[in-house]
Amino acid sequence: ALVGGAHEHADDDARTGKGLASVENGNSGTSNATNGHSVETTYEEFAGSVEKEKEEVDDDTHTQSTDTGDLNEEDKQIEEDFKKHVDKKRLKAYSSPEQCYFFCGLIACFCTGLAWPICGVLFALMLSAMSILDYDVARTWTEWLAAAFGLLAVADIVAQYFQTYLFEVIGERMTRRIRTDYFRSLVRQDMGWFDDPANALGVLTSRLAVDIKLIRLTVGQGTGSTVSSLTALLAGFIIALIAAWQFALAFLATMPLLAMTEAINWALMKGGDSASKKKLGEISGAFGEYVNGIREVQSFSLEEVVTSDIAELLQEKILVIAKKAAVFRGISAGSVQFIQLGVYALAFYIGARLIDDGLLDFESFNLVLWSMAFGASGMGMAANWVAAAAKGKAAAVRVFELFDRTPPIDSKPWNDDGSPRDMAVPSDVNGKKGEIEFRNVKFAYPTRKTARVFDGLSLKIPSGQTAALIGSSGSGKSTVMALLERFYDPVAAVVDRGDKGEDERIEIVIDGKLSDSNGVVMVDGVDIRKMDVKYLRNAIALVGQEPVLFDASVRENIAFGKDGASEEEIISAAKTANAHEFISNFDGGYDYNVGSRGKKVSGGQKQRIAIARAVLKEHRILLLDEATSALDNESEKLVQASLDNLIAENKAHDRTTIIIAHRLSTVRNADCIYVFENAGDGAVVVESGNHKELIALNGKYKALLDATMQSTED
Ligand SMILES: Nc1ncnc2c1ncn2[C@@H]1O[C@H](COP(=O)(O)OP(=O)(O)OP(=O)(O)O)[C@@H](O)[C@H]1O
Ligand SMILES: [Mg+2]
């Protein structure tokens with residue numbers, strides 16, 4: 001009974017409920033599942049994208065909202081980002097160790113702030129001095145004032161230096177902490193999250209670079225300039241009050257106008273900029289793809305095509321927003337100028353009237369005017385910083401969202417204090433060594449909910465056995481391994497196979513957490529969703545279909561298999577994997593750097609290094625996804641031999657092996673073979689048994705062998 005109910009479950013499934021849900025009006029179609037299935041998500045929000053799916057269904061469109069170029073939607077989103085409240089305490093905590101720096105920085109800010117109105121006062125006094133009729137007195141006065149200017153200049157230089165230096169240091173240290181935490185939160189996210197185009201590589205890297213730089217504006221120079229400007233403004237006003245309070249108050253009345261310019265500046269900064277930045281993030285996604293695939297781009301002579309693709313994206317996504325922003329910016333910049341000059345006009349008019357009424361003299365007029373004008377001159381700059389800080393806060397909201405996201409499949413790599421976490425070993429392992437069972441598993445990838453990969457897949461592999469999975473390309477063999485590693489959880493899928501008509505629409509059914517209705521994947525008799533993910537993954541060694549090496553030495557790449565592996569262990573693993581010889585011939589042997597993604601070694605070498613890595617890992621279950629990419633005869637034999645070594649060693653240690661095989665020799669030796677077939681609505685196991693039994697059956701297995709494996713038969 002290894003081949004479980006493949007077909008008998010088809011009918012009780014909700015996907016037969018064709019035409020039940022007409023989902024165009026507001027309430028999402030998830031609310032009335034057909035056969036009493038609950039509609040809760042199985043793993044949180046089906047890898048975080050259920051909401052989006054609901055919206056898509058509601059809108060009756062299946063394009064992603066980001067692709068529609070709907071600017072209003074975009075604007076709303078940006079508006080939302082701005083409104084969301086960022087936890088200020090949390091942001092502050094990132095710079096809390098620099099409190100002392102911050103305090104000293106503030107003192108420097110007071111000094112630079114005071115310099116402005118003092119400059120105004122000196123300026124006013126200079127005007128008065130120059131209008132003294134006695135030349136000797138005038139000269140003495142101007143000399144003294146010139147010296148005072150010089151003194152102010154020296155003091156300002158020092159204060160400015162400290163202000164800039166200290167706040168730069170604070171900002172730099174804060175961003176370093178945030179970047180570290182960002183990466184830390186990133187690496188623990190689940191595969192479904194990474195599959196989502198919203199989290200494409202380009203977007204994530206741009207976030208690391210751009211967003212975090214923006215966050216820096218919230219504490220760095222921005223705070224300094226704001227404090228400095230406010231000091232200048234306040235000191236200027238106090239000086240003006242002392243000099244001539246009526247005029248000072250009248251001048252103050254024009255302040256709301258200046259505040260208005262600030263508001264305009266703010267709107268200016270937040271609008272177009274973040275919209276285009278967001279779009280730029282999307283474009284850098286495409287950009288990253290093309291750079292990553294530069295070999296394909298060049299070999300297919302796609303330079304022209306991809307360039308025009310990028311150009312088109314830029315045109316489509318940025319230009320539209322930029323145009324709108326440019327108009328807005330032009331108008332705003334004009335009005336800012338208009339208001340500022342208008343304020344001067346008003347001030348001169350009021351001053352003149354007050355002088356006329358005998359309430360003001362020339363010197364006080366100058367004192368008020370210049371101390372306040374100089375005092376306010378930093379305001380524009382401060383407004384810019386405030387606006388920038390607002391953008392920083394919006395960026396912080398986005399970044400903190402990731403910090404707070406607990407992935408639905410969480411390996412919880414760290415304790416709360418940031419130290420590495422010990423894994424929880426289940427108590428009921430009972431000496432079992434890697435028994436694997438798939439019980440009626442239904443699955444669709446989060447990014448392709450409408451295409452079921454499995455429709456009730458069942459198989460059971462006793463511990464210590466070697467099982468081979470075969471089936472046509474795309475039948476879901478690699479997916480079995482992804483589910484076993486718990487990169488994804490079984491999910492019954494969200495199905496909308498209807499072409500257009502409402503009648504064809506099929507209910508979205510996602511089942512509750514830890515329910516069995518999507519099927520269960522078990523290791524050693526335990527539902528892997530109840531297992532510590534770290535423990536599970538620790539027990540499994542995987543050699544993927546396209547193994548990836550990291551930009552490091554061969555030694556380091558192999559040693560990833562085991563923490564603190566000794567040189568002997570590494571070499572012995574390499575020998576088992578048939579890799580020792582060619583590694584020894586490398587420049588520098590085991591110190592040879594394989595390049596990014598293993599670019600600097602051949603395909604077959606890469607595979608053998610990956611196999612060595614798996615050999616080194618102390619595992620109970622081995623997953624081998626044989627590469628389909630053709631190697632030449634010689635290296636294929638070498639890879640095959642190293643795989644055979646690995647399988648044999650596994651057998652000797654009584655470990656379980658699952659191999660996705662493309663070569664008859666491997667399949668023939670397997671204890672049990674599972675034949676996958678997708679009859680249109682997700683794959684199931686159609687035949688199982690050992691080679692002899694299946695040949696005798698003369699069914700799909702035989703046909704598959706005849707069709708695909710003949711050529712590679714040895
Ligand atoms: N990350 C993914 N997101 C969405 N769909 C995927 C993803 N990975 C695979 N698929 C789809 O799931 C199905 C099963 O893929 P899988 O990789 O398991 O096939 P396979 O049997 O290993 O094929 P092959 O022999 O070619 O390696 C395919 O239709 C594939 O297009
Ligand atoms: Mg595959």
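This passage describes the ligand sites, the strands and several single residues of a predicted model.

The surroundings of ligand 1 come first. Its shell holds 14 residues, and among these Ser473, Lys477, Ser478, Thr479 and Gln545 come nearest. By class, eight residues of the shell are polar, three are charged and three are nonpolar. Helix α15, which spans residues 477-484, gives the most to this shell. Its share is three residues.

Three polar approaches to oxygen atoms of ligand 1 can be described. The side chain of Ser473 places an N or O atom 2.5 Å from an oxygen atom of the ligand. Gly474 takes part through its backbone, with an N or O atom at 2.8 Å from a ligand oxygen. For Lys477, a polar side-chain atom lies 2.8 Å from an oxygen atom of ligand 1. Taken alone, ligand 1 exposes 630 Å², and the protein buries 72% of that area.

Ligand 2 is a magnesium ion. Two protein atoms coordinate the ion: OG of Ser478 and OE1 of Gln545. The distances run from 1.9 to 2.3 Å. This pair links distant parts of the chain, 67 residues apart. Ser478 belongs to helix α15, whereas Gln545 sits in the loop between β6 (540-543) and α17 (554-559). Ser478 counts as partly exposed because its relative accessibility is 30%, between the limits of 20% and 50%. Gln545, at 28%, also counts as partly exposed. Both residues are also among those that come nearest to ligand 1.

The strands come next. Strand β8 covers residues 656-660, and five of the five are buried, so the strand is largely enclosed by the rest of the structure. Which way do the side chains of β8 point? Thr656, Ile658 and Ile660 point one way, and Thr657 and Ile659 point the other way. In a regular strand, side chains alternate between the two faces of the sheet. The residues on both sides of β8 are buried.

Two strands that pair with β8 can be named. Strand β3 (residues 466-471) pairs with β8 in the parallel sense, over four bridges. Within that pairing, Thr466 stands opposite Thr657. Strand β7 (residues 621-625) also runs parallel to β8, and five bridges join the two. Here Leu622 has Thr657 as its bridge partner. Thr657 is thus a partner both of Thr466 in one pairing and of Leu622 in the other.

Antiparallel pairing is found elsewhere. Strand β1 (residues 436-444) runs antiparallel to β2, with seven bridges between them. One of the matched pairs is Lys442 with Asp455 of β2. Strand β2 spans residues 452-461 and is mostly covered, with nine of its ten residues buried.

A second antiparallel pair is made by β9 (residues 672-678) and β10, joined by six bridges. Ile673 stands opposite Gly689 of β10. The two strands form a hairpin, with four residues between them. In the turn, Gly680 has a positive phi of about 115°. Strand β10 (residues 683-689) is mostly covered, since five of its seven residues are buried.

Backbone angles stand out at two further positions. Most residues other than glycine have a negative phi. Asp524 is not a glycine, yet its phi is positive, near 55°. This residue lies in the loop between β4 (520-523) and β5 (526-527). Asp524 counts as buried because its relative accessibility is 6%, under the 20% limit. Asn578 likewise has a positive phi, of about 60°, although it is not a glycine. Its place is the loop between α18 (567-576) and α19 (580-584). At 27% relative accessibility, Asn578 counts as partly exposed.

Two helix residues complete the account. Asp211 is found in helix α8, residues 201-216. With 6% relative accessibility, Asp211 counts as buried. Its side chain makes a polar contact of 3.0 Å with the side chain of Arg398. Ala352 is found in helix α13, residues 303-356. Ala352 counts as partly exposed, at 42% relative accessibility. Ala352 and Phe362 are ten residues apart in sequence. In space, their C-alpha atoms are 9.5 Å apart.

Note on methods. Residues are numbered from 1 along each chain as its sequence is written. Chains are lettered from A and ligands numbered from 1 in the order in which they are written. This is a predicted model: local features need pLDDT of at least 70, side-chain atom pairs count only at pLDDT 80 or more; totals for chains, interfaces and linings use all residues. Side-chain values use heavy atoms; hydrogens and water are left out. A residue is near a molecule or strand if one of its heavy atoms lies within 4 Å of it. A polar contact is a pair of N or O atoms within 3.5 Å; within protein, one must be able to donate a hydrogen and the other to accept it, and residues adjacent in sequence count only if both atoms are side-chain atoms. Accessible areas come from the Shrake-Rupley method with a 1.4 Å probe; for residues, only the protein chains shown count as cover. Ala, Val, Leu, Ile, Met, Phe, Trp, Tyr, Cys and Pro count as nonpolar, Asp, Glu, Lys and Arg as charged, and the others, Gly among them, as polar. Donors are N, O and S atoms within 2.8 Å of the metal (3.2 Å for Na, K and Ca); water is not among the atoms, so sites may look incomplete. Buried means under 20% relative accessible area, exposed over 50%, partly exposed in between (1.4 Å probe, protein chains only). Two strands pair if DSSP finds at least two bridges between them.
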